[in-house]
Amino acid sequence: MTKNILKLGAHISIAKGYVNALQESMKIGANAMQIFTANQRRWTAKEISKDIAKSFIKTRKEEKILSVASHASYLINLGSPKKDTYEKSIQAFEEEIERCLSLEIDFLIFHPGSYLDADINESMDQIIHALSKFESKLKKSSLRLLFETTAGQGTNIGSTFEELHYLIKPLYKKIPIGICIDTCHIFASGYDIRTKEALNKTLLDFDNIIGLKHLYALHLNDSKAELGSKKDRHENIGKGKIGLDGFKAIMQNSKLNHLPMFLETPNGDKNWADEISLLKKMN
C-alpha cells in the first residue's frame, strides 16, 4: 500500500508579506500553511493586488507548499441575532472569499458562529442561509469552506457533531463545504482522542453522525484544559491533557493522516520546527 503524503504546517504570520509566510513555512520543515489573509481584528482590509497574488501563487509552487488554508476573522459571526453584526459579517466573509480566490487558497476555515441571546436553531438556520448566498461565487472555484469544531464555550455553535451535521446537511450539495477538526476543541467539548481506541470511537461517532467524507483538515493543538472542560486553551504537542499518545494515534490513523494538518500551538516561532519534526517521526 502506498503511504499517504503528509501535509503538515502551521499558522504563519503575514506581517512580513504573503510570500514571506511561504518561505517561513519552508524554514520550519512544513509543506502546508495556514494564514490570516488580513488583520483578523478589523472588519475591512485592502484588496490584494494582482502582482502580490501572482507572486504568492508562483512561490507556493516553487516551494512545494501542498495545502494552504486561510482562517477567517474572529469578528465574523454569521449566526448573530444583531442585524449590524450580521451584515458586517456577511460583507467581511465575502471579502475573505475574494482574497482566498485571488491567492488560490484551498480552504477557508471559520468558526460557525454564536447564537448569543437567540434560539440556537434559528441561529444555525441563519448561518445556512448566509452561506447559501455564496453559491454562485464558489461554484467554479477550488476553494472549500470549512466549519471549525468549537470547544463549547458560551453560546458558540459547532461543539457537537450533531450541530455540525445540522449545518452541513442542507449545504454540501450547494456549495463546497466541510469540517476542520481542532483537536483541542473537540477534546474540550467532550470527545476523547487520548488513545488509539478513544480516537477510533470518536471517529466512528463522527462518521455515523456527519460522515468522514466531510472531513477535510485538522488543527493540531494539545489542550491545557481537561476532557469536557468547554475551555479553549491550546497547549504545545504532548504538553497538555491529550498527550503524545493521542497525537501518535492521529498521525498513524489512515482516516486522518492524508488530510492537511495545521499547528496553532503557543510560541510557534520557537516550537513549530520541533513539533513538525516530532509529528513526522510519529507518522
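**Close-up views of a predicted model**

**View 1. Helix α3 and the largest cavity.** Helix α3 (residues 83-102) gives the largest share of the lining of the largest cavity, namely four residues. The model is predicted. The lining of this cavity counts 17 residues in total. Nearest the centre lie A38, R42, S73, E96 and R99. The volume is about 120 Å³. By class, the lining has seven nonpolar, six polar and four charged residues. How many cavities of 30 Å³ or more does a search of the whole structure find? There are three.

**View 2. The second largest cavity.** This cavity has a volume of about 60 Å³. Its lining is made up of I181, T183, I186, I193, L199, T202, L203, L218, I250 and L256. Which helix supplies the largest share of this lining? Helix α8 does, with three residues. Both α7 (183-188) and α8 (196-209) give at least two residues each. Eight of the lining residues are nonpolar and two are polar. None is charged.

**View 3. The largest pocket.** The largest pocket holds about 290 Å³ of space. Its lining includes H11, I12, S13, A15 and K16. N20, E24 and I28 also line the pocket, as do G268, D269 and W272. Two elements give two or more residues to this lining: α1 (18-27) and α10. The largest share comes from α10, with three residues. The classes split into four nonpolar, four polar and three charged residues.

**View 4. The closed barrel.** Eight strands form a closed barrel with parallel pairing. The strand order is β1-β2-β3-β4-β6-β8-β9-β12. From one strand to the next, the twist averages 25 degrees. Strands of a sheet pair through backbone hydrogen bonds, either parallel or antiparallel.

**View 5. Strands β1 and β2.** β1 (residues 7-11) and β2 (residues 32-35) run parallel. Three bridges join the two strands. Which residue of β2 does H11 stand opposite? The partner is Q34. H11 also belongs to the lining of the largest pocket.

**View 6. Helix α3 against the strands.** α3 lies across three strands: β3 (67-71), β4 (107-110) and β6 (144-148). Relative to β4, the helix runs at about 150 degrees. β3, β4 and β6 are also listed among the barrel strands. On the cavity side of the picture, α3 is the helix that supplies four residues to the lining of the largest cavity.

**View 7. The packing of α9 and α10.** Helix α9 (residues 243-251) packs with helix α10 (residues 268-282) at an angle of about 60 degrees. The two axes are 8 Å apart. Is the crossing left-handed or right-handed? The crossing of α9 and α10 is right-handed. From α9, the contact takes in L244, F247, K248 and M251. From α10, it takes in L278, L279 and M282. Six of the contact residues are nonpolar and one is charged. No polar residue takes part. Helix α10 also has a role in View 3, where it gives three residues to the lining of the largest pocket.

Note on methods
Residues numbered from 1 in each chain as written. Predicted model: local features only at pLDDT ≥ 70, side-chain atom pairs only at ≥ 80, totals over all residues. Heavy atoms only, no water. 1 Å grid on protein atoms, 1.4 Å probe; cavity = no way out; pocket = protein on both sides within 12 Å on 5 of 7 lines; lining within 4 Å. Points joined across faces, edges and corners; volume = space filled by probe spheres on them. Nonpolar A, V, L, I, M, F, W, Y, C, P; charged D, E, K, R; others polar. Axes fitted to C-alpha atoms, helices over the stretch in contact; angles between N-to-C directions. Left-handed = near helix turned anticlockwise from the far one by under 90°. Contact = heavy atoms within 4.5 Å. Pairing = 2+ DSSP bridges.
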